[in-house]
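Me: I'd like a close look at one part of this model, namely the greasy-looking surface and the links between charged side chains around it. Please take it step by step, as I'm new to this.

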Amino acid sequence: MSLDVSPKQFKRWIDEAGKLVASHYEEHNEAKVFAGKSPSEVQELLNEPLPDDPQNMGSLLNEVGEKILSTITNSAGPRYFGYITGGGNQVAVLAEMIKASINQNNLKWHSSPVSTELERLVMRWVAEFIGYPTSSAGVLLSGGSVANFNCLAVARKIKAPGDISDEGIYGSQPMTVYVSEEGHSSFDKAMDMLGLGKKYLRKIPVKDDFRIDIDQLEEQIRTDKNAGFQPICAIAVAGTTNTGAVDDLDAVADICQRYDLWYHVDAAYGGPAAKVEETSDLFSGIEKADSVVVNPHKWLYVPFEAGGALVKNPDHLRETFSTIPDYLKSDEQNGGRTDLMEYNLPLTKEFKALKVWMTIKAFGASRLREEIASDMDKARYLSERVDSNKKLEIMAPVPLSIVCFRYNPGGIEESTLNKLNDQIIQKIESDGRIFLTGTKIDGKTALRVCFINPRTEKTDIELLEKVVLEIGSKL
């Protein structure tokens with residue numbers, strides 16, 4: 001007995017599911033961004049016992065529409081400005097359907113030759129897109145957190161004093177890693193999970209432009225060396241999560257070379273802007289990094305998940321991750337095979353590369369860079385509107401496509417102003433017309449808006465301003 005249906009029936013299912021997807025795109029502009037349901041309401045909507053009997057596909061798809069699409073946060077829509085969440089693209093939606101249907105697992109070359117080679121190709125394209133050496137090796141992972149973990153694991157392996165594969169880090173002097181105070185929380189997690197200890201992640205102060213203070217970075221490295229610690233890695237951020245700041249990549253590279261440190265660049269968000277004409281100077285030095293993280297599911301408009309890790313010397317990846325038991329030995333008689341299980345922690349690997357490949361093929365590098373430039377134009381447009389409004393205040397520079405501002409009608413002390421903007425953020429969520437997030441800039445509450453969605457237009461930005469002013473004045 002098979003779980004399959006006839007080809008004719010399956011095509012009908014595909015057609016019906018396609019209608020559901022198409023209707024979702026049609027309703028982007030009308031639907032609330034945040035559905036507004038409470039946790040208990042969502043739980044009640046989905047709560048049911050384990051089904052024992054089969055369900056008609058028509059009614060099941062209806063349930064998807066009624067229970068799933070009605071409760072999602074519409075991150076693909078034009079008025080979602082939260083986190084660093086790209087809107088995806090329709091070409092990649094088709095790629096995801098094809099990917100699921102062929103069910104490839106590219107742990108080893110012979111288990112899926114095409115997905116292995118396509119992953120190698122698209123990571124070479126991503127490297128070229130950001131100006132990183134194409135002789136590097138790369139893998140696609142779930143996102144920036146896992147990709148950063150992957151790269152720090154390589155840094156630890158290559159720069160640790162002695163061989164840690166068998167003995168671990170128990171006999172080693174404490175190893176220190178450096179990143180700015182604006183660095184992503186994934187580095188704290190990686191230090192914890194790699195056994196290096198979060199307290200040995202040195203968080204270096206930033207200057208007024210939120211870029212790492214190079215002098216303090218070097219001073220901290222010298223201090224740690226003199227105290228008997230082992231500095232192994234410095235991280236530059238190319239597009240911070242808070243403000244989009246890009247560290248001085250050349251300066252961090254010079255320090256890493258001077259002190260023999262692994263040089264990692266977290267370009268998960270900002271990387272795709274590296275070869276856009278108006279911002280290319282900010283990324284000078286990215287090519288010097290030993291490893292780089294850049295996520296196609298952010299500013300290359302690919303749907304989740306597709307986080308990329310690039311390492312300049314491919315041998316360093318294999319030295320870190322290659323473990324081959326008897327049941328996974330390769331065919332040594334056939335040269336030229338690459339087993340991606342030797343380049344990252346996961347063994348099971350879905351065919352993430354297809355949607356990246358189809359996206360780049362469908363639009364081309366020039367068009368993608370135009371959209372990235374357009375997103376930065378949108379950020380400047382909002383920044384200009386904030387600057388010209390007496391009740392709004394810019395909180396940080398806008399080097400890429402993130403704008404941090406707050407509602408400030410004047411005459412309110414800082415503590416009250418923070419509470420007011422915290423309330424505005426909460427009210428915006430429950431209102432549902434737009435979606436943004438909050439953060440802290442120098443201890444002050446800020447409304448944070450990110451533009452990495454080609455569907456967003458000036459009218460959506462004007463609505464955002466209107467909603468903030470409306471809710472702020474009521475509070």
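Which element gives the largest share of the nonpolar patch, and how many residues come from that element?

Reply: The element is helix α4, which supplies four residues to the patch. Before going further, please keep in mind that this is a predicted model: local features need pLDDT of at least 70 and side-chain atom pairs count only at pLDDT 80 or more, while totals for chains, interfaces and linings use all residues. Residues are numbered from 1 along each chain as its sequence is written, and side-chain values use heavy atoms, with hydrogens and water left out.

Let's start with the patch itself. Seven names are worth finding on your screen: Val5, Phe10, Ile14, Leu94, Met97, Ile98 and Ile102 together make up a nonpolar patch on the surface, with about 570 Å² of accessible area (Shrake-Rupley method, 1.4 Å probe) between them. Two elements, α1 and α4, each give two or more residues to this patch. A patch here takes residues with over 30% relative accessible area and no salt bridge, nonpolar side chains (Val, Leu, Ile, Met, Phe, Trp, Tyr) being joined within 5 Å and like charges within 9 Å. Helices such as these are DSSP runs (H or I, at least four residues), strands are runs of E (at least two), and both are numbered from the N terminus.

Now pick one member of the patch. Isoleucine 14 sits in helix α1. With a relative accessible area of 34%, isoleucine 14 is partly exposed, a label for values between buried (under 20%) and exposed (over 50%), with a 1.4 Å probe and protein chains only. Glycine 18 belongs to helix α1 too, and glycine 18 is also partly exposed, at 33% relative accessibility. Try finding leucine 94 from there: in sequence it is 76 residues from glycine 18, yet in space their C-alpha atoms are 9.8 Å apart.

Next come the charged side chains. A salt bridge is a side-chain nitrogen of Lys or Arg within 4 Å of a carboxyl oxygen of Asp or Glu, and the whole structure has 29 salt bridges. Six residues are joined in one network of these contacts: Glu96, Lys99, Glu305, Glu350, Lys352 and Lys355.

One contact in the network is worth a careful look. Glutamate 305 and lysine 352 form a salt bridge whose closest N and O atoms are 3.4 Å apart. The glutamate is in the loop between α11 and β7, whereas lysine 352 is in the loop between α12 (314-321) and α13 (353-387), so this bridge ties together parts 47 residues apart in sequence. The two ends have different surroundings: glutamate 305 is partly exposed because its relative accessible area is 38%, while lysine 352, at 8%, is buried. Glutamate 305 has another feature to spot in its backbone: the peptide bond that joins phenylalanine 304 to it is cis, with omega near -5°.

Elsewhere, arginine 318 and glutamate 342 meet through their side chains in a salt bridge of 2.7 Å, N to O. That pair also connects distant parts of the chain, as arginine 318 is in helix α12 and glutamate 342 in the loop between α12 and α13, 24 residues apart. Arginine 318 counts as partly exposed because its relative accessibility is 38%, but glutamate 342, at 6%, counts as buried.

Aspartate 250 pairs with lysine 288 as well, their closest N and O atoms being 2.8 Å apart. Here aspartate 250 belongs to helix α10 and lysine 288 to the loop between β5 and β6 (291-294), so distant parts of the chain, 38 residues apart, are linked. Aspartate 250 is partly exposed at 22% relative accessibility, and lysine 288 is partly exposed at 38%.

Finally, here are two backbone details to hunt for. Phenylalanine 210 has a positive phi of about 70° although it is not a glycine, and its place is the loop between β3 (201-204) and α9 (214-226). Phenylalanine 210 is buried, with 5% relative accessibility. Aspartate 260, which is not a glycine either, has a positive phi of about 55° and lies in the loop between α10 (249-259) and β5 (262-266). In contrast to the buried phenylalanine 210, aspartate 260 is exposed, with a relative accessible area of 52%.
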